[in-house]
Amino acid sequence: KTGYGAGKREYELPGVLRAMLIESNSESLDENADLIYKLETDIDDCSGEVLGYVMKKLFKAGAKDVHYAPVFMKKNRPAWELTVICGEDKAEELEQIIFTETTTIGIREYPLGRSILDREEKEVETVYGKASVKQVSLGKMTRAYPEYDTVKKLAKKNKVPFMDVFDAVKEAAKKK
């Protein structure tokens with residue numbers, strides 16, 4: 001709903017107020033969507049060692065994704081933009097980690113809708129051993145993504161290149 005009002009006072013320049021009543025659509029998200037939060041801050045005075053430590057700590061505390069991007073701040077200072085994706089239930093805890101472990105003095109927080117594909121964890125057998133895959137689907141389209149940790153473990157165990165195991169896992173997933 002939208003309403004407009006000009007008020008009762010007379011001014012040299014007219015003033016108009018517009019008010020809008022907006023309802024959140026988070027309840028109308030379909031089964032292939034969810035609500036996530038994006039936490040973001042720019043940091044220009046913190047060492048790389050600290051930022052690496054913070055990334056690991058954020059993942060361990062439940063962040064869905066964490067990344068840094070180079071940016072330039074005021075006065076052309078090079079800096080890092082820290083972005084953390086998380087569920088609403090983890091936002092406050094992750095903000096506390098960012099505040100206590102970095103030099104930032106402010107964090108931007110954005111609620112975001114997210115569309116996701118149907119997914120299923122599966123295990124496939126390869127010549128290198130059993131491997132985990134994430135299988136996603138959209139209508140009749142299906143794709144399988146080998147899980148990194150499984151591929152890494154099998155590559156080390158069999159003393160073969162990572163890509164050999166990766167390709168074998170993808171091929172085994174197609175057959176399943």
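How many bridges join strand 3 and strand 5, and in which sense do they pair? Select both strands and take a look: they run antiparallel and are linked by seven bridges. Strands count as paired if DSSP finds at least two bridges between them.

Before going on, know that this is a predicted model, with residues numbered from 1 along each chain as its sequence is written. Local features need pLDDT of at least 70, side-chain atom pairs count only at pLDDT 80 or more, totals for chains, interfaces and linings use all residues, and side-chain values use heavy atoms, leaving out hydrogens and water. Helices (H or I, at least four residues) and strands (E, at least two) are DSSP runs, numbered from the N terminus.

**The sheet**

Zoom in on Thr41, and you'll find it opposite Leu82 of strand 5. Now add strands 4 and 6 to get an open, antiparallel sheet of four strands, ordered 4-5-3-6. Strand 4 and strand 6 (108-115) are the edges, each pairing on one side only. On average, neighbouring strands here are turned by 25 degrees against each other, direction ignored.

**Helix 1**

Next, select residues 48-60. This is helix 1, whose 13 residues reach 19 Å from first C-alpha to last, close to the 18 Å expected at 1.5 Å a residue; the expected span is 1.5 Å times one less than the number of residues. Show Leu51, Val54 and Leu58, which are buried (under 20% relative accessible area; exposed is over 50%, partly exposed in between, with a 1.4 Å probe and protein chains only). Look down the axis: the buried residues fall within an arc of 60 degrees, so they line one face of the helix. That arc is taken from the directions from the helix axis to the C-beta atoms.

What do these residues pack against? Their partners are strand 3 (33-43), strand 4 (65-72), strand 5 (78-86) and helix 2 (88-101), where contact means heavy atoms within 4.5 Å. Spin to the other side for the exposed Glu49, Lys56 and Lys60. Just past the helix, stop at Gly62, with its positive phi of about 115 degrees.

**Helix 4**

Finally, jump to residues 162-175: helix 4, with 14 residues. Val165, Val169, Ala172 and Ala173 are its buried residues. Down the axis they fall within an arc of 100 degrees, so they line one face. They pack against strand 7 (118-126), strand 8 (129-138), strand 9 (141-146) and helix 3 (148-158). The face turned away carries Lys174 and Lys175, both exposed.

Terms used
Axes are lines fitted to C-alpha atoms, for helices over the stretch in contact, and angles run from 0 to 180 degrees between N-to-C directions.
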